[in-house]
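The exercises below concern one protein model with a bound ligand. Work through each task before reading its solution.

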Amino acid sequence: MSAQARIDELTELLNHYNDRYYQDAVSEVSDQEFDFLLKELETLEAQNPTLKRPDSPSHRVGGTITKSFETVVHKYPMLSLSNTYSEDELRDWDDRIKKGLNGASYEYICEIKFDGISLSLTYENGVLVRGVTRGDGTQGDDITTNIKTLRTLPLKINQKKTNTAQTNLFGGSTIGQNFEIRGEGFMPNEVFERINLEREDIGEDKLANPRNAAAGTFKMQDSGVVASRNLDCYIYQYLSENDEFKTHEESLIALKNAGFNVSESYKKVNDIEGVIAYINEWSEKRHSLKCATDGIVIKINDYAQREDLGFTAKSPRWAIAYKYKAESKSTELLGVTYQVGRTGAITPVAELKPVELSMTTVRRATLHNADEIKRLGLSIGDQVFVEKAGEIIPKVTGVDTSKLRDEATRESSKVCFPTNCPACNSELYRNEGEAAYYCPNEMGCPPQIKGRIEHFIQRKAMNIDSLGEGKIEILMEQGLVSDVSDLYKLSFESLLGIEKVHIDENTGKERKVSFKEKTVQNILDGIENSKNQPFSKVLFALGIRFVGETTAQKLAAYFKTQEALQAASFDELRTVPDVGEKVAQSLQLYFKEDKNLKIIENLKLAGLKFEAENIVLEKESEALMGKAFLYTGTFESFSREELEQKIDSNGGKLVSGVSKKLDFLIVGEGAGPSKLKKAEDLGVKMINEEEFKAML
Ligand SMILES: NC(=O)c1ccc[n+]([C@@H]2O[C@H](COP(=O)([O-])OP(=O)(O)OC[C@H]3O[C@@H](n4cnc5c(N)ncnc54)[C@H](O)[C@@H]3O)[C@@H](O)[C@H]2O)c1
Ligand SMILES: [Zn+2]
């Protein structure tokens, strides 16, 4: 291929990956692969400067602005960082620094490179006034309302605290009143995993990694949803007109003292050996951090020296990112299992000989879908490479060809995606434009039925936790339930005395489950109580594809009744906040099916709520954030429900009893003396209705 042809090809390919990455928060290839292709393009362009295209990704900061937010021009451009995966290249960079500084001595600050999206935050008169994305580097999206949901970000500088903390350090150099800071907004791993479980539950594709999830969330229109995702941000840069500091280190300490979330992980070193030691120190340790990381950033500490070194069009010369290669290990493919989800989607899972990867033992890895299995060309018994995508979900990336067995053996144990459901043997089908195969036997396929019932009873839905721990399976085997409405037909007599011995998959240990009187009563109480769940929860519990918890809340608040929702036209559905084409379509499909209507009818007969009461939609404030409340007695201005909603919508949480974990007991008329006594003994703060109102 000619240089021109390859340059064209790479330019177009990389521009495409950039669009997908920055606009849709999707990675079609790994970061490493992207970076290697970009390096190839840069090398070719350097050798053939005349062939470089004006739209080359090599001289622009990747990223765009979107139409859904106001555009803000950055006061100081937001650049990228040059990067390397190799120690040799890092040493070359250090040589260039040495030359650039004419032999003057220098210090580096090493920092963890958190993998999220860069944010620019502007403070005026000590108050946070704007939060903007990097965008194309020159201008970005104003996402201030979403930024304000970050709990670790001071909305206003506490000047008194700042001053006292500062004076003993630098003889008074504190952060100013008007400045800009930069940081990395990220989604904690734990939240990412939770969201993926939720997505899986409602039949959405899983997100590939926390970075993409963070990028998508920071640009959501509904800041209530953003708040529920507990995004966070590490601050790593301070910019102002007043030159408050002479070094980066001073600025980090001052930011920390002023209450900003500066990661403790940074370190000052004197030379490149110190940098390498830092890189080695964190190569494993970084996996224990609460968020995704993809490398180390190395920066010159002294601001005057930074100025001497300057910038290229795309990045500062005084800093570089060292990126860790994704850790990949070879292990044996023991088998492939096929899981049938609640929606009937079939997911292939690789069963692996256990292998240590990024500080965890990996036994299973996702194979995504049939196309992926074909692409990988797997045979049982192969040695395969396993990698952690975005450092969290293990996946099989290929066959280890250095340990290939003979062709005949491989051929005889080739992995073929099944044509029929592994659970009920129905022939599988695939929707146009979707990668997954589905089992069509909704009403008769046991894992689908079980999945739907498990979805129905979960805490966020009907909250029948007395039915957990394998009990659903037993009820299904006994022929007592085949859809969710059967739960409401269960009787004491039908349940009492049922027994089953479970064998734990992992330990092989036996465990006997028996439905004794107390168990049965618990189950029936749980089912009875579930009838009080509001319409929004019932709607979510039905398990309509793509209708998650929040969507269900919005639909319930908008339509008020199931009849109105069912009668709504496609266009009317689309007018509800958050309801897109996909959701609207799915709702219409759901209500077209007689079997679904039959279930709804049965649930109505059982007494479930299909009409909305007062529903709080939006978060009101974060005034009660992180505080645990309990109330006792009655109140003048709130009913119990209203009080609970108030606590919830202002960020507090309601707990079920008086304990040390309780922050406030709200005491009303006719309060229970035992609660008061216990609260007093434990030193729990008690407040009355007025005091509670004042907190809001
Ligand atoms: N997989 C794909 O399809 C695809 C597509 C486009 C880009 N990418 C990836 O994105 C990279 C380009 O993104 P980029 O320009 O944001 O570069 P980058 O993410 O590699 O590095 C720059 C960014 O690092 C972040 N950062 C984190 N911690 C930091 C710290 N302590 N100090 C300073 N900055 C810190 C900042 O947000 C900064 O903007 C590519 O190199 C590639 O790895 C991947
Ligand atoms: Zn099936």
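In what follows, Ala, Val, Leu, Ile, Met, Phe, Trp, Tyr, Cys and Pro count as nonpolar, Asp, Glu, Lys and Arg as charged, and the others, Gly among them, as polar. The model is predicted.

**Exercise 1. Describe the surroundings of ligand 1.**

Solution.
- Step 1: the shell around ligand 1 holds 24 residues, and the closest are Tyr21, Ser27, Asp31, Ser80 and Ser118.
- Step 2: two or more shell residues come from each of α1 (3-24), α2 (31-47) and β3 (108-114).
- Step 3: sorted by class, the shell residues are 10 nonpolar, seven polar and seven charged.
- Step 4: domain 1 (3-59) and domain 2 (71-323) each supply at least three residues to the shell.

**Exercise 2. State the overall make-up of the protein and decide whether the fold is as compact as a globular protein of that length.**

Solution.
- Step 1: the protein contains 26 helices and 24 strands.
- Step 2: the radius of gyration is 29 Å and the globule rule gives 26 Å for 696 residues; these are close, so the protein is as compact as a globular protein of that length.
- Step 3: the C-alpha trace spans about 90 × 80 × 55 Å along the principal axes.
- Step 4: of the 696 residues, 32% are buried.
- Step 5: of the contacts between residues at least 6 apart in sequence, 69% join residues at least 24 apart.

**Exercise 3. List the domains and give the distance between the centres of domain 1 and domain 5.**

Solution.
- Step 1: the division is into domain 1 (3-59), domain 2 (71-323), domain 3 (330-438), domain 4 (446-530), domain 5 (535-606) and domain 6 (628-695).
- Step 2: between domain 1 and domain 5, the C-alpha centres are 44 Å apart.

**Exercise 4. Place strand β7 among its partners, and say whether this strand is enclosed or open.**

Solution.
- Step 1: β7 (residues 179-186) has eight residues, seven of them buried, so this strand is largely enclosed by the rest of the structure.
- Step 2: β4 (residues 117-124) pairs with β7 in the antiparallel sense over seven bridges, and Tyr123 has Phe179 of β7 as its bridge partner.
- Step 3: β8 (residues 232-239) also runs antiparallel to β7, joined by seven bridges; here Arg182 is partnered by Gln237 in β8.

**Exercise 5. Work out the strand order and the edges of the open sheet that contains β21.**

Solution.
- Step 1: the four strands lie in the order β22-β21-β23-β24, with parallel pairing.
- Step 2: β22 (653-654) and β24 (685-687) are the edge strands, each pairing on one side only.
- Step 3: β21 (residues 628-632) is joined to β22 by two bridges, and Phe629 stands opposite Leu654 in β22.

Terms used:
Residues numbered from 1 in each chain as written. Chains lettered and ligands numbered in written order. Predicted model: local features only at pLDDT ≥ 70, side-chain atom pairs only at ≥ 80, totals over all residues. Rg over C-alpha atoms; globule rule 2.2 N^0.38 Å. Buried ≥ 20, exposed ≤ 12 C-beta atoms within 10 Å, placed from the backbone. Contact = placed C-beta atoms within 7 Å. Domains from an automatic or database assignment. Near = placed C-beta within 6 Å. Pairing = 2+ DSSP bridges.
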